[in-house]
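Work through the exercises below with the sequence and the model open. Try each task before reading its solution.

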Amino acid sequence: METEIKIITQNWGRINPQSIDEYIAAGGYQALFKFIKEMDPEIAVEEIKTSGLCGRGGAGFPTGLKLESVQKEKVTEKYFICNLDESEPGTYKDRMIAENDPHMLIEGIIIASLIVGAKKAFIYINGNYKKSAEILERAVGQAKQKVFLGPAILHSRYGLEIEIFEGAGAYICGEETALINSIEGKRGEPRMRPPFPTQSGLFGKPTAVNNAETIANIPWIIENGGAEFAKVGSKKSPGTKLFILDGAVKNRDVVEAPLGITLKELIDNYGGGIYAGKEFWFAQVGGSSGRLALEKDLEMKLEYDREAKIPLGSGAILVVDKMADIHELLLSWASFFRRESCGKCVPCREGTFRLWEIAKRLRDGEISDRDKAAIEDILWTLNNTTFCPLGKFAATAFGDALQYFPKEIYKLSK
Ligand SMILES: Cc1cc2nc3c(=O)[nH]c(=O)nc-3n(C[C@H](O)[C@H](O)[C@H](O)COP(=O)(O)O)c2cc1C
Ligand code: SF4
């Protein structure tokens, strides 16, 4: 395990994140030098396509293809956005990148922006993450002083400005079109697609939105080549991944592991196994919006795969032990989605509220036969009729729990 490759966390704890000189001494900004001196944006995007890098924000979309589609747009005004909203409970990997190695992220943002032809980039961060925003602000200032940012980066033809935009802290503003609305000063709610942001995004201009962890991989790929990156991790989704381990594991932390690792290996080798005296019940994979993995799923590979029964999502893994109170879990999921529903569409606005009411009655042993029938309807409606994926997310873990543990859930019912 010790010899496994570290891409994102290679500098964590080894350099002072507030010092650009320490980042440079550790080999930082070499990828930017290489890009400016030796590469065309078209060649750089080919390297990213070859790497097989896909989005770490949840959906796993191929990063090279996204950057290429913005690159190909024949307009002069384009934007690049680093998505650091990260408002899902239990997910904090992107903040860890910002706080432990802000320059790796900034170097990735600069290269990605120049690849697509953007002269302005935004880092969209949840406004509650003051510490991360301050560290990033300082790092941007240092990069400007070194002429890694500004009107003529390293005295080349390329220019870029980075603005840190603090959102109000709404989960829906992590969804890329709601995020774009928020930067434009509009209500943070999703837009109809198409058009996709790559064609018509921020201020109606072609825009690439990428997750912070996705972007932090770019300097390594440019420096070492896409083919080298493709050798790491699994064939279906190359590279490493930050996993956030939480719940009944000994080591509750953010860890970097190769994609394709099994859930069991992750819990045992990186999480230090299950906490003494506790017994594995299930794991929630991918944050509050994630599905539940049972004991029989422990050998499942964690990778980005459209066919996967349990999608990897943001990489947050909550290990739940047999002593956990399933009613409190149902209520905490339902409360979160009820609070974060943006209200734009009725099925989600009403459905998340009704689910929360029922979760309270389940906890209090006051569930009726009418409620039991209603749950099925509400989950179906959330799964099939909402405007954006948040509605589906609200039904995911709740639906899995009802399917897997009906005895435990209805045991208090009259
Ligand atoms: C409700 C909701 C919340 C989301 N929150 C985030 C988030 O906090 N960070 C993020 O990177 N992507 C989030 N996404 C996914 C983004 O819409 C988008 O797919 C992602 O930023 C693209 O980057 P990637 O291709 O690098 O993963 C969210 C999506 C939905 C539907
Ligand atoms: S599904 Fe929920 S979050 Fe998405 S648009 Fe509808 S109300 Fe808003």
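The exercises cover two ligand shells, two sheets and some helices.

This is a predicted model: local features need pLDDT of at least 70, side-chain atom pairs count only at pLDDT 80 or more, and totals for chains, interfaces and linings use all residues. Residues are numbered from 1 along each chain as its sequence is written, while chains are lettered from A and ligands numbered from 1 in the order in which they are written.

**Exercise 1. Describe the shell around ligand 1.**

Step 1: collect the residues near the ligand, meaning those whose C-beta atom, placed from the backbone, lies within 6 Å of it. There are 22, and Gly55, Gly57, Gly174, Asn211 and Thr214 come nearest.

Step 2: assign them to elements. Helices (H or I, at least four residues) and strands (E, at least two) are DSSP runs, numbered from the N terminus. β4 (207–211) and α16 (389–404) are the elements that give two or more residues. β4 gives the most, with three.

Step 3: sort by class. Ala, Val, Leu, Ile, Met, Phe, Trp, Tyr, Cys and Pro count as nonpolar, Asp, Glu, Lys and Arg as charged, and the others, Gly among them, as polar. The shell splits into eight nonpolar, nine polar and five charged residues.

Step 4: place the ligand. Domain bounds come from an automatic or database domain assignment. Domain 1 (20–230) and domain 3 (326–410) both contribute to the shell, so ligand 1 lies between them.

**Exercise 2. Repeat the analysis for ligand 2.**

Step 1: 15 residues surround ligand 2, and the closest are Cys342, Cys345, Cys348, Thr386 and Cys388.

Step 2: α14 (346–363) and α16 are the elements that give two or more residues to this shell.

Step 3: the classes are eight nonpolar, four polar and three charged.

Step 4: domain 1 (20–230) and domain 3 (326–410) both supply residues, so ligand 2 lies between them.

**Exercise 3. Lay out the sheet of four strands.**

Step 1: find the pairs. Two strands pair if DSSP finds at least two bridges between them. The open sheet has the order β3-β2-β1-β4, with parallel pairing.

Step 2: find the edges. β3 (161–167) and β4 each have a single partner strand, so one side of each lacks a neighbour in the sheet.

Step 3: get the twist. Neighbouring strands are turned by 20 degrees against each other on average, direction ignored. Axes are lines fitted to C-alpha atoms, for helices over the stretch in contact, and angles run from 0 to 180 degrees between N-to-C directions.

Step 4: inspect one pair. Six bridges join β1 (residues 79–84) to the parallel β2 (residues 120–126). Ile81 has Phe122 as its bridge partner in β2.

**Exercise 4. Is helix α8 (residues 176–183) mostly covered or mostly uncovered?**

Step 1: count burial. A residue is buried if 20 or more other C-beta atoms lie within 10 Å of its own, exposed if 12 or fewer, and partly exposed in between, with C-beta atoms placed from the backbone. Seven of the eight residues in α8 are buried, so read with that cut-off the helix is mostly covered.

Step 2: find the packing partners. The buried residues of α8 pack against β1, β2, β3 and β4.

Step 3: look past the end. Just after α8, Gly185 takes a positive phi of about 85 degrees.

**Exercise 5. Lay out the sheet of five strands.**

Step 1: this open sheet has the order β6-β5-β9-β7-β8, with mixed pairing.

Step 2: β6 (254–258) and β8 (291–293) are the edge strands, each pairing on one side only.

Step 3: the twist averages 30 degrees from one strand to the next.

Definitions and conventions:
Contact = placed C-beta atoms within 7 Å.
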